[in-house]
Structures are given as structure tokens and as C-alpha cells.
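Me: I'd like a close look at one part of this model, the surroundings of ligand 1. Could you walk me through that part step by step?

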Amino acid sequence: MKELKYDVLIIGGGFAGASTAFHLAGKGLKVLLVDSKPWNRIGDKPCGDAVSKAHFDRLGMPYPKGEELENKISGIKLYSPDMKTVWTVNGEGFELNAPLYNQRILREAESKGVEIWDQTTAMKPFFENGFVKGAVLYNRRSNEEVAVYSKVLVDATGYSRSVRSKLPQELPIAEDLDEKDADIAYREVLLTRDDIEDHDYLRIFVTQKASPGGYWWYFPKGKNKVNVGLGIQGGMGYPSVHVFYQKYLDSYAPDVDKSRLLVKGGALVPTRRPLYTMVWNGIIAVGDSAYTVNPVHGGGKGSAMISGYCAAKTILNAFEKGDFSAQGLWDMNICYINEYGAKQASLDIFRRFLQKLSDDDINYGMNKKVLKEEDLLEASEKGDLHLSVAEKAMRIIAGLGRPSLLMKLKTVAEYMKNIKQLYYNYPRSPSGLQIWKTQVDSLISEFNMNIS
Ligand code: FDA
Ligand code: PGT
């Protein structure tokens, strides 16, 4: 078998892998990125395609332009299950043509020296003396197997986790996922019969009946084009996502022309705190493979870009130190937790609470403003849930009949704060990981018992 050596081998060219390559490009390292798909399909995965502008600004990523940008977004309208309450959360964002934007980021990395092989699949990682040392690749263009050795391998394989899942199961980075910590999501892109009203607003419909443990979305891609879909919680024994889609499409997207279907497809979305450690000896995981998705809204492209940024910074540092061990790469965990992971952990708590609410409770809570738009926005941006406003109304609400909802929210807010604190106390070295993980796990089980 042919053997090659690179400094960094990135497996997967989606948002996570592409941004890792983008930030590594031109920095003097020999980098190879491979993806199973042909060039023109890289980045083409089932998605709602909505990303907050804030992510691009914070990471210095280029804005989507031309055909990469399908629609500019001004905010989100959140509908209660009975549709009687609509909260508007303002904030700029993009409805992307995700493959086009993704491929452009890859081209920019390539133009600065990153080597990219499409139609190339990583078959299995090399694991020697406790270190990941590279992977066996199969290149369908040249029809050959190649052994690629690397100092750092980046697993950017998305939800399939197809590299780290092949490592010995006792390694912390091989951590699996509980089915209940994922949503099964499906979407179609269709043309509409009439012009969409307020087409610069994303619509999110919270409904346990039509999307248990998730929500329906209607994301305009222009005046006459929409990305519509839903997520339902995994591992709960619910009927298939397609059953819900067929049954409720007319309720949430009555204006679509079903004969003008452009794209369809479904996939899984992790909805949990990030992987307990995103690194081990010689390996870093990024994006969906490292569970970097926002647990409450299921958006993972922005945080995939954050993880790519952190991975590149960590790798450059590791090359300066000449240390590619878990300890040498540990900064990845700290960087990601500071940038997004602590908030994700806090939102993992919030998500567990939301998924247990009945439609009645959500209608009541949104209508009576037990929570308000501002509270949700703050929770979404910072992972903090403050109930000061709601607390003032507590006496009134308690008299009205649902004091238990507010009491539960107080518990939720407390646990959100505590888990975030625990994340800020992330161990400074791999030796502290096991004890810290036990603390997180027990906090989560305690919370689950408290709200059941
Ligand atoms: P991604 O899956 O994109 O990329 C992985 C790449 O690795 C693929 O290109 C694949 O071919 C390649 N690969 C895998 N194994 C390989 C191997 N062994 N060898 C070589 N290549 C390999 N997010 C958001 O921000 N806004 C939104 O609106 C939505 N909406 C949404 C809807 C639906 C239906 C789903 C399922 C998900 C979303 N998300 C979302 C989530 C979002 O799509 C997701 O978080 C990111 O696209 C993840 O990007 P990654 O790069 O991590 O994985
Ligand atoms: C409840 C569990 C849900 C699981 C979800 C699974 C569904 C999978 C489907 C995937 C669709 C992906 C849709 C992605 C939408 C992107 C939204 C978005 O961009 O959100 C912005 C940005 O957030 P950020 O974290 O990426 O960036 C933060 C910052 O800007 C960066 O610096 C923020 O949007 C919002 O705040 C809207 C929140 C939406 C919440 C959705 C459902 C919550 C239901 C709440 C009900 C409340 C009722 C309470 C009553 C007591």
C-alpha cells in the first residue's frame, strides 16, 4: 500500500472540517483534507441552512455572497402550540446555499496550500502505542488504498463519527451517544404558490403533538422558496418522522406547492452537551462528530465553525510545542467550552425540561409570559436563564393555577447555572477528566430526577 506523511489529516469536509482547514491554511503545515463525496456534493447534507450572522463576525469567516446566500434573515418568530402567541426574536442571519458556501471555504483553503481529495473515504484509523497515527484511505478517483500518517488527525465526519467510533471503546474520545440525546430531523425544500409574508423571518412552531421533543420549522429561502421540516426526539418509540411530516405539513406550510419539490432528506441531530473530551493522543474531533450542536434549537453550523477555529488554534500550538498527546491538545477543550460548550451544557438542561413540557404548559407559559422573549434570547445567547421578571409575577401566577411550572423553571435555572459553572471548572489536564465527568453525570441524573 502507498504510504504518505502529512502534519494534519482532516477527515470530512463539511462545515467543521472546512473551517478547520480554512484556519490552518497558509500557516506552514502540510495539511490533507478528504471527503467521501465528490466535490460538487460536499456540504450537501439535510439541513435548515439557517446560521446566525454573529458566528461569521466572531470567527472572521467570510460572509456568504452571490448564490451562496439565498436569503437574509432579520429574526425568528416562535409560535406557541395553539398558535395564539407569537414571540419575535430579532437578530441577523443567513439562509445559505450550504454546499456552495461550504465549497467556497474549501477552495479558499486549497488556494492557500491545503490538499483536498474528494471521493476519498477514511476506512480505519491507525492506533499504535496509545496514539492515533493516521488512517487508511480509499480513493475512488484513483481506485487505490493509501496509508496516510499524521501528527494530528481531525475527525470531522459529522454525525457518523466514522473515525473515532473505530477506536478502542475504552478511550474517552470514543464516547457514544444516548439515542434520547438526538433528534431525528427531516426537511424538504419546495416552491410556494404565493409570495411568503415576512420572508425575512424564520418561523419555528413549538408543538409536542406534531413534533414531540423537537419543533417544526418554516425557513424562507426567498420570496417563493422555503425549507420546511421537523425534528422529533430519538429513542422514545415515536412513529417515524415521515409520518409526522405527511400528517402535519398542511398545518405548518399550507402554501407549498407539493408538485414543486426541489430537495428532500433527513438526518440525525445531536442535542447534548459537547463530547466530554474532544481530543486524545493524536486526534481532535470537531462539529457533529464532537456533538457541538445547540441542544435547544438544533443549529450546528455556527458551532461547527467555532470548533474548527479552536481545532486550528490548538493544532498550531501543538506544533510549536511539538506535543501531540492528549495533554498537548487539551487547549481544544478549554477553547471550545469557553466559546460555546459551557452554554451548550446549560442548554442541554433547558432542553430536557422543554422536552417534558405538555403543549398546555407551553401555551400557558408563553401566553402568560412565565418566560418572555428576552429570557429566551438571553438563554440562547448566553445559556443563562434569569427569572427576575417572572419571579415578580410569581404571586399572581401562583394564584392563577400553574405554580408548579414556575417552580420547575426556578429549578431549571439553578441547574443551568450550576452545570455552566462546572464546565468553567473543566480539568486542566486529562488526569482530571474522569472525576469531572462523574460530577457532570451526577448533576444531570439529579436534574432528571428532580423534574420527572
Ligand atoms: P457534516 O455531516 O456536514 O460533514 C461531515 C462530512 O464528513 C461529510 O461531507 C461526509 O461526506 C464526510 N465523511 C463522513 N465520514 C467520512 C469518512 N469516513 N471518510 C471521508 N469523509 C467522510 N444547523 C444549522 O446551523 N442551521 C440549521 O438550520 C440546521 N438545520 C438542520 C436540519 C436538519 C434536518 C439536520 C439533520 C441538521 C440541521 N442542522 C442545522 C445541523 C447541521 O446540519 C450540522 O450541525 C452541521 O452541518 C454539521 O457539520 P459537520 O461538518 O460537523 O458535519
Ligand atoms: C426542544 C428540543 C429541540 C431539539 C431541536 C431539534 C430540531 C432539529 C432541527 C434542526 C433545525 C435547525 C434550526 C436552526 C435554527 C438556527 C437558529 C439560530 O440561528 O438561532 C439563533 C442563534 O443562536 P446561536 O446559539 O447559533 O448563536 C448565538 C449567538 O448569536 C452567537 O454569538 C438564536 O435564536 C434564538 O434564540 C431562537 C431560539 C429558538 C428556540 C427554539 C425552540 C425553543 C422552544 C421554547 C419554548 C418556550 C416555552 C417555555 C414556556 C415555559
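Which residue has a polar backbone atom 2.7 Å from a nitrogen atom of ligand 1?

Reply: That residue is Gly48, whose polar backbone atom lies 2.7 Å from a nitrogen atom of ligand 1. Before we go on, a word on how to read this: the model is predicted, so local features need pLDDT of at least 70 and side-chain atom pairs count only at pLDDT 80 or more, while totals for chains, interfaces and linings use all residues. Residues are numbered from 1 along each chain as its sequence is written, chains are lettered from A and ligands numbered from 1 in the order in which they are written, and side-chain values use heavy atoms, with hydrogens and water left out.

Gly48 has company. Around ligand 1 there are 34 residues (a residue is near a molecule if one of its heavy atoms lies within 4 Å of it), and the closest are Asp35, Lys45, Gly48, Ala50 and Asp288. The Gly48 pair is a polar contact (a pair of N or O atoms within 3.5 Å; within protein, one must be able to donate a hydrogen and the other to accept it, and residues adjacent in sequence count only if both atoms are side-chain atoms). Side chains join in too: an N or O atom of the Asp35 side chain is 2.6 Å from an oxygen atom of ligand 1, and one in the side chain of Ser162 is 2.9 Å from a nitrogen atom of the ligand. On its own, ligand 1 has 1000 Å² of accessible area (Shrake-Rupley method, 1.4 Å probe; for residues, only the protein chains shown count as cover), and the protein covers 92% of that.

What is this shell made of? It divides into 14 nonpolar, 14 polar and six charged residues (Ala, Val, Leu, Ile, Met, Phe, Trp, Tyr, Cys and Pro count as nonpolar, Asp, Glu, Lys and Arg as charged, and the others, Gly among them, as polar). Helix H1 (15-24) and the strands S7 (120-128), S12 and S14 (256-270) each supply at least two residues, with S7 giving the most, three. Helices (H or I, at least four residues) and strands (E, at least two) are DSSP runs numbered from the N terminus.

Now step back to the domains (bounds from an automatic or database domain assignment). The shell around ligand 1 takes at least three residues from each of domain 1 (2-48 + 100-175 + 274-329) and domain 2 (68-94 + 179-270). The C-alpha centres of these two domains lie 30 Å apart, and 14 residues of domain 1 are in contact with 13 residues of domain 2 (contact means heavy atoms within 4.5 Å). Between them about 1100 Å² is buried, and carbon and sulfur atoms give 61% of it (buried area is the accessible area, 1.4 Å probe, that two parts lose on being put together, summed over both). On the domain 1 side, Pro46, Gly48 and Tyr159 lose the most area to domain 2, together 45% of what that side buries. So Gly48, where we began, is listed here as well as among the closest residues to ligand 1.
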